[in-house]
Amino acid sequence: MAASFSFFTGVILMNILGLYASPRPQGNSSQLLNAFLEEAERLGATTSRYRLNTLRLQGCQACYSCRQPGREKQCAVRDDMQPILADVFAADVVVLASPVYMWQMTAQAKLFTDRLMPVLKPDYSSWLSGQRMLMLYTQGQPDVARFAPYFDYVNRMFRFLGFRTLEPLVFGDLRGVNDVQRQPGHFERVRQVAAELVRNG
Ligand SMILES: Cc1cc2nc3c(=O)[nH]c(=O)nc-3n(C[C@H](O)[C@H](O)[C@H](O)COP(=O)(O)O)c2cc1C
């Protein structure tokens, strides 16, 4: 969905879907995603948020129902992915905040990703309409370039699904649940990226 312009307020109306993929509700990635979404809302965006770890979410069951005529864009698995999928289609921007676990996104984030099969048409082109995907990673490793090949690979996968990918936000040297509090620059950075997105559409 394309962001719309309000003639009454002169503001671009942006719809942002925030997905929390850490099991730690108050952890570093959650705090940074909160700051991102709060700044976006402050500037006029609407947001919806899901904490993947607390939801009833199954892995993709490979039934291929979503590839049957009349079942397009729908998932046959009746669980908490249903509203998330609807929000993906309605979103202008999806922000997926995941810690790095074993050099990759968390299992919670991967499970969400596998369940995106309904965004693909039977010919593997996409039903999406310009939604952007922003990955926000936190990691213990201080070198934020350490997993760059993986982050690039993930963005390529999301482009295959039809998203317009944004440069991932990567924050390192974060282990304790509150380590990010020692790094006020991280919050400034996510707020800045949120503001640029909302202002520029
Ligand atoms: C099971 C597990 C695996 C991890 N694997 C990595 C890793 O491969 N590389 C890394 O830099 N940090 C790794 N970490 C550290 C987390 O990415 C890091 O602490 C992150 O900031 C946690 O995010 P959170 O506070 O939002 O939960 C791992 C942590 C756990 C619990």
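For a protein of 201 residues, a compact globule would have a radius of gyration near 17 Å, and because the value computed for this protein is 17 Å, the two agree. The coordinates come from a predicted model, and every value that follows should be read with that in mind. Along the principal axes, the C-alpha trace spans about 50 × 45 × 30 Å, which gives the reader a frame in which to place the parts described below.

Those parts are five helices and eight strands. Followed along the sequence, the helices and strands come in the pattern β-β-β-α-β-α-β-α-β-α-β-β-α, so that three strands come before the earliest helix and a helix closes the series. The chain also brings together residues that are far apart in sequence: of the contacts between residues at least 6 apart, 75% join residues at least 24 apart. Buried residues account for 47% of the 201 residues, while the accessible surface of the protein amounts to about 9,700 Å², with 54% of this surface belonging to carbon and sulfur atoms.

Two residues show what these words mean for single side chains. Tyrosine Y153 sits in helix α4, and Y153 is classed as exposed because its relative accessible area, 56%, is over 50%. Between the C-alpha atoms of Y153 and A62 there are 23 Å in space, and the two residues are 91 places apart in sequence. Phenylalanine F163, by contrast, is found in the loop between α4 and β7 (164-165), and F163 counts as buried because its relative accessible area of 3% is under 20%.

What surrounds F163, once its neighbours within four places in sequence are left aside? The residues in contact with F163 are then V88, V94, L116, L128, Q131, R132, M133 and F158. A45, which lies 118 residues from F163 along the chain, has its C-alpha atom 19 Å from that of F163.

The next step is to look for space that the atoms leave unfilled. Rolling a probe the size of a water molecule over the atoms shows where empty space is left. In this model the search finds one cavity of 30 Å³ or more, and the largest cavity holds about 110 Å³ of space. Its lining is made of 14 residues, of which C60, C63, C66, C75 and M117 are the closest to the centre. By type, the lining of the largest cavity divides into 10 nonpolar, two polar and two charged residues.

Pockets, unlike cavities, are open, and the largest pocket has a volume of about 320 Å³. Among the 16 residues that line the largest pocket, K110, T113, D114, M157 and L161 are the closest to its centre. Two elements, α3 (107-114) and α4 (148-160), each give two or more residues to this lining, and α4 gives the most, with five residues. The lining of the largest pocket comprises 11 nonpolar, three polar and two charged residues.

The second largest pocket has a volume of about 160 Å³. It is lined by 13 residues, and R24, P99, Y101, T138 and L174 lie nearest its centre. How do the residues of this lining divide into nonpolar, polar and charged, and what number falls in each group? The lining of the second largest pocket has four nonpolar, seven polar and two charged residues.

Technical notes:
Residues are numbered from 1 along each chain as its sequence is written. This is a predicted model: local features need pLDDT of at least 70, side-chain atom pairs count only at pLDDT 80 or more; totals for chains, interfaces and linings use all residues. Side-chain values use heavy atoms; hydrogens and water are left out. On a 1 Å grid over the protein atoms alone, a cavity is a set of points where a 1.4 Å probe fits but cannot get out, and a pocket is an open set with protein on both sides within 12 Å along at least five of seven lines; lining residues have an atom within 4 Å of a point. Grid points are joined across faces, edges and corners, and a volume is the space filled by probe spheres set on the points. Ala, Val, Leu, Ile, Met, Phe, Trp, Tyr, Cys and Pro count as nonpolar, Asp, Glu, Lys and Arg as charged, and the others, Gly among them, as polar. Helices (H or I, at least four residues) and strands (E, at least two) are DSSP runs, numbered from the N terminus. The radius of gyration is taken over C-alpha atoms; the globule rule is 2.2 Å times the number of residues to the power 0.38. Buried means under 20% relative accessible area, exposed over 50%, partly exposed in between (1.4 Å probe, protein chains only). Contact means heavy atoms within 4.5 Å. Accessible areas come from the Shrake-Rupley method with a 1.4 Å probe; for residues, only the protein chains shown count as cover.
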